[in-house]
Amino acid sequence: MADKITPRATDYSQWYIDIVLNAKLADYSPVKGSMVIRPRGYAIWERIQAEMDRRFKETGHENAYFPLLIPMSFLQKEADHVKGFKPELAVVTHAGGEELEEPYCIRPTSETIIWAMYKNWIQSWRDLPLLYNQWANVMRWEKRTRLFLRTSEFLWQEGHTAHETQKEAEEEALRMVEVYRDVVERHLCVPVLMGMKSEAEKFAGAVHTLSIEAMMQDKKALQAGTSHYLGQNFAKAFDVQFQNREGKLEHVYATSWGTSTRLVGAVIMTHSDDKGLVLPPSLAVDQVVIVPILRNDSKVAVIAHAEGLLATLKAAGVRARLDSDDSQSPGWKFAEWEMRGVPVRVEVGPKDMAAGHVMFARRDTGEKFTVPAGEIGTKAVEVLEAIQKNLFERAKKFRDDNTHVITNYDDMKAFFGLAGEDAAGTANAKGGFADALWCGDAVCETRLKAETKATIRCLPHDRQEGIHGSCALCGAPARHRAVFARAY
Ligand SMILES: [Zn+2]
């Protein structure tokens, strides 16, 4: 049998770690705070990456690469930016056996080095827009880490764009957060809320930040991607001016946006169960596994038959594999493939072969049913589509069931429980998404955070019209509708 997985109801955090380790997605490394992404985990990232990259290119972006090391003085040019990132910086002071004249930091994000270069490349409106993306690793020193969700070094993409006008840049920031939403909902099957961050939660150096927020099975929020409208902050810090269409010099308008390997964590946490990993078919390396039931007298014939089924599946465009290893029992193999999250298992033994059918087992629902062997290709495609849809619907229902309208502070505290309660975090934890009106004052937000650890995840973009009523935290007239939650 596969290694034991702690049930979600017992200890959600341990359940998550058990899945990541047992499904061989990632491992701890000798470097504190840094993880090793193993091939099965990396393959999920590659699929996410491919979907993102295709959409970036469809929306006119190009990939480029900038240095890992950034002169410390660059970071200091944008006051809010350095203040936000300084506590997390790793700094290189020695190289080539000598102390460096100026230390470098390992990039925590690349706005500063990129805008230092944009200064050389942008002179006129004809040079705009610049729509660049970089796939890279970044480092933000973390004291408390969690595989995929929070590590000091992680992989990501960072888009950095330069525009002639505020309007164009704001449209770009919105366009890219919508790209994120599309990939995350369609391929990761994770429903998200999209909206603006509060001042307290926005990116250091941004005018405003848009984010997509998902709900995990312990009802905590996970920020799955952010897109920032940077205004002219970085252009001013790096003196990037262009001659506009009226012949006047003006500072360039900017955006930046990013998603990371944290998305792999989001997909694991959203769909998996107490048997192991559950993956959306579009991200699964193996979408179907054929497990033949092997007996000595019929082994050769059953394997030959299974090879034919494999060829049919592949011809139908399904990523399939055949597990003909006879050193393990079928039961052991079933549990192992369930642990690995393969969406569909096909069982075929001598009796099935004689009857002209195979047995399908769905990973998401556990449902089992027979399928005529001749229809295996079309049926597999159909079932994979159904699983993809079901995972999204199931996650959306869970989120909606755990989203509640809250109208006053006492209810808010009761909803989240006090900070410190439920420290282990289980799937039965209090809370969820609190849908509430907010006055816009950071004081209210800070107080709630101190007492319950809940923060404003976002001000949902499509729900800010016609706000009437009073702030659920202080009773003052409300200006926004906000979603509050505890978050990863
Ligand atoms: Zn208030």
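**A walk through two sheets and a core**

Five strands, in the order S16-S15-S17-S18-S19, make an open sheet with mixed pairing. Strands here are DSSP runs of E, at least two residues long, and helices are runs of H or I, at least four long, each numbered from the N terminus. Two strands pair if DSSP finds at least two bridges between them. Strand S16 (320-322) and strand S19 (368-372) stand at the edges with a single partner strand each, so one side of each has no neighbour in the sheet. From one strand to the next, the twist averages 25 degrees.

This is a predicted model: local features need pLDDT of at least 70, side-chain atom pairs count only at pLDDT 80 or more, and totals for chains, interfaces and linings use all residues. Residues are numbered from 1 along each chain as its sequence is written.

Stay with this sheet. Strand S18 (residues 357-362) runs antiparallel to S19, and 5 bridges join them. Phe360 stands opposite Phe369 in S19. Helices lie across the strands too. Helix H9 (residues 299-315) crosses strand S15 (288-292), S16, strand S17 (344-348) and S18, at about 170 degrees to S15. Helix H12 (residues 376-401) lies across S15, S17, S18 and S19, at about 10 degrees to S18. Axes are lines fitted to C-alpha atoms, for helices over the stretch in contact, and angles run from 0 to 180 degrees between N-to-C directions.

Now the other sheet. It is open and mixed, with 11 strands in the order S3-S7-S8-S14-S11-S10-S9-S22-S23-S21-S20. Strand S3 (62-63) and strand S20 (403-405) are its edges, each with a single partner strand, so one side of each is left without a neighbour in the sheet. Strand S8 (residues 153-163) and strand S14 (residues 253-260) run antiparallel, joined by 8 bridges. Glu158 has Gly258 of S14 as its bridge partner.

Strand S21 (residues 433-438) holds Ala436. Ala436 counts as buried because it has 26 C-beta neighbours inside 10 Å. The cut-offs, with C-beta atoms placed from the backbone, are 20 or more others within 10 Å for buried, 12 or fewer for exposed, and partly exposed in between. Beyond four places in sequence, the contacts of Ala436 (C-beta atoms within 7 Å) are Ile406, Thr407, Met412, Ala472, Ala482 and Phe484.

Last, two helices. Helix H2 (residues 39-58) packs against helix H8 (residues 262-271) at about 105 degrees, with axes 9 Å apart. Gly41, Ile44, Trp45 and Ile48 of H2 meet Leu263, Val264 and Val267 of H8. Val267 also touches Leu188, Val190, Leu279 and Leu283, among residues over four places away in sequence.

Technical notes: Contact = placed C-beta atoms within 7 Å.
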